[in-house]
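Dear colleague,

Please find below the structure that I promised to hand over to you. I would be glad if you kept it open while you read the notes under it.

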Amino acid sequence: MSSSQITALALFSGGLDSILACRVIADQGLRVLAVKFVTPFFDYDRLAARSSYQAEMFRHYGLEVIVEDLSSGYLDLLHHPQHGFGRNFNPCIDCKILMLQRAKEMMAETGASFILTGEVLGQRPMSQRRDTLRIIERDSGVGQLLLRPLSAKLLAPSEAEARGWVDRDRLLDFNGRGRSRQIALAKNFGITDFPAPAGGCILADPILSRRIARIYQGHSFLTAQSLTVNTVRLLFIGRQFLLPGGNWLILGRDAAENAQLTAIAQAGDTMLLMTTRPGPTALLRSVGPRRLEAQDSAQTESSAPALSDDILLAASLVVRFGKKTVDYTDAVTVTVTQGEHLSEIMASPLLDGSFQTWALA
Ligand code: SF4
């Protein structure tokens with residue numbers, strides 16, 4: 001088979017290294033199909049904007065990109081990643097292994113002959129050490145199918161090189177954390193508008209990852225078993241509260257978050273908003289057994305009183321965080337939607353100092 005008939009499937013983060021790895025192989029005349037994996041912890045919004053993202057990647061980098069949802073399996077992986085966590089709640093080695101396993105499964109349907117990544121030997125302390133790179137190859141089952149074009153000359157030849165699909169002499173020997181060689185190579189390819197190296201993974205973020213860690217460590221009102229993609233997405237939007245009745249309240253901070261909350265709402269959620277004054281959309285969600293534990297025993301017999309009390313509090317918080325007007329302390333109409341059922345209640349803003357202890361970190 002000639003090189004032009006060979007397809008390489010690339011793990012594509014969208015960062016400079018993955019762009020360059022794809023371009024180095026495409027430059028040898030092979031077809032490169034870049035797969036962008038997403039989960040609610042990284043790049044999930046790409047799913048809803050697939051075509052514009054694909055068009056953007058093609059326009060900027062000449063790359064054919066597909067977007068794949070890796071969520072299924074990822075939430076389970078976080079229970080006990082075999083290779084542990086990095087500095088935060090980032091299971092980078094197991095994450096790479098999962099991506100490669102999924103890429104290997106995709107080879108038949110995409111007609112790919114091998115897989116490539118933009119990994120650079122020694123660039124990251126946890127996942128890009130020489131021994132770790134070998135563990136990733138072994139545990140993902142991709143073995144010699146995996147080519148790392150940016151450091152290939154420092155690694156054992158992969159199948160693509162051994163079979164002559166790619167010319168090893170035209171691969172690279174990048175090593176370590178420096179970026180100057182990547183930037184020079186990008187310039188050679190005419191790439192100037194590449195993203196900054198800092199990634200957008202919530203699990204690697206020192207503050208945001210704590211919210212997820214607490215859930216998996218059993219220190220949250222949510223349980224890891226109850227976690228879904230929808231729940232994870234809610235965790236990172238807006239102002240968050242756990243109300244005294246044990247219900248989870250999220251208030252949008254701007255129009256974009258209000259729209260997100262409306263889109264994420266699911267059956268059983270209560271939605272609140274003011275119709276006569278600009279302000280937050282609120283989503284109130286019952287969160288299961290932990291909610292009942294948080295209530296007085298008298299209340300645990302029925303969830304209804306706690307919910308109705310919390311709806312009143314939620315309405316008062318919607319008014320509190322609404323656009324302030326001259327008659328700010330006046331009661332305002334708040335529309336409450338529960339499924340098909342619509343009602344209106346009058347609510348006054350909660351006073352500062354009365355609700356801060358309900359805020360979630
Ligand atoms: S930073 Fe996040 S997306 Fe990247 S390898 Fe680690 S866990 Fe996976």
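The notes below go through the sheet, the helices, the core and the ligand in turn.

This is a predicted model, in which local features need pLDDT of at least 70 and side-chain atom pairs count only at pLDDT 80 or more, while totals for chains, interfaces and linings use all residues. Residues are numbered from 1 along each chain as its sequence is written, and side-chain values use heavy atoms, with hydrogens and water left out.

Let me begin with the sheet. It is an open sheet of 5 strands in the order 3-2-1-4-5, with parallel pairing, where helices (H or I, at least four residues) and strands (E, at least two) are DSSP runs numbered from the N terminus, and two strands pair if DSSP finds at least two bridges between them. Strand 3 (64-69) and strand 5 (146-147) stand at the edges with a single partner strand each, so one side of each has no neighbour in the sheet. Strand 2 (residues 31-38) runs parallel to strand 3 and is joined to it by 6 bridges; A34, for example, has V65 in strand 3 as its bridge partner.

Two helices lie across these strands. Helix 3 (residues 50-61) lies across strand 2 and strand 3, at about 145 degrees to strand 3, where axes are lines fitted to C-alpha atoms, for helices over the stretch in contact (heavy atoms within 4.5 Å), and angles run from 0 to 180 degrees between N-to-C directions. Helix 5 (residues 92-110) lies across strand 1 (7-11), strand 2, strand 3, strand 4 (114-116) and strand 5, running at about 155 degrees to strand 1.

Next comes the core. The largest nonpolar core has 51 residues, of which L9, F41, Y74, L78, I212, Y216 and W248 touch the most other members; such a core is a set of buried Ala, Val, Leu, Ile, Met, Phe, Trp, Tyr and Cys residues joined through side-chain atoms within 4.5 Å, and buried means under 20% relative accessible area (1.4 Å probe, protein chains only). Helix 5 gives the largest share of this core, 9 residues.

In helix 9 (residues 208-216), the buried residues are S209, R211, I212, A213, I215 and Y216, and what covers them includes helix 4 (71-77), helix 10 (229-235) and strand 6 (239-242).

Finally, the ligand is surrounded by F42, Y74, P91, C92, C95 and C201, each with a heavy atom within 4 Å of it.

Best wishes

Notes
Buried means under 20% relative accessible area, exposed over 50%, partly exposed in between (1.4 Å probe, protein chains only).
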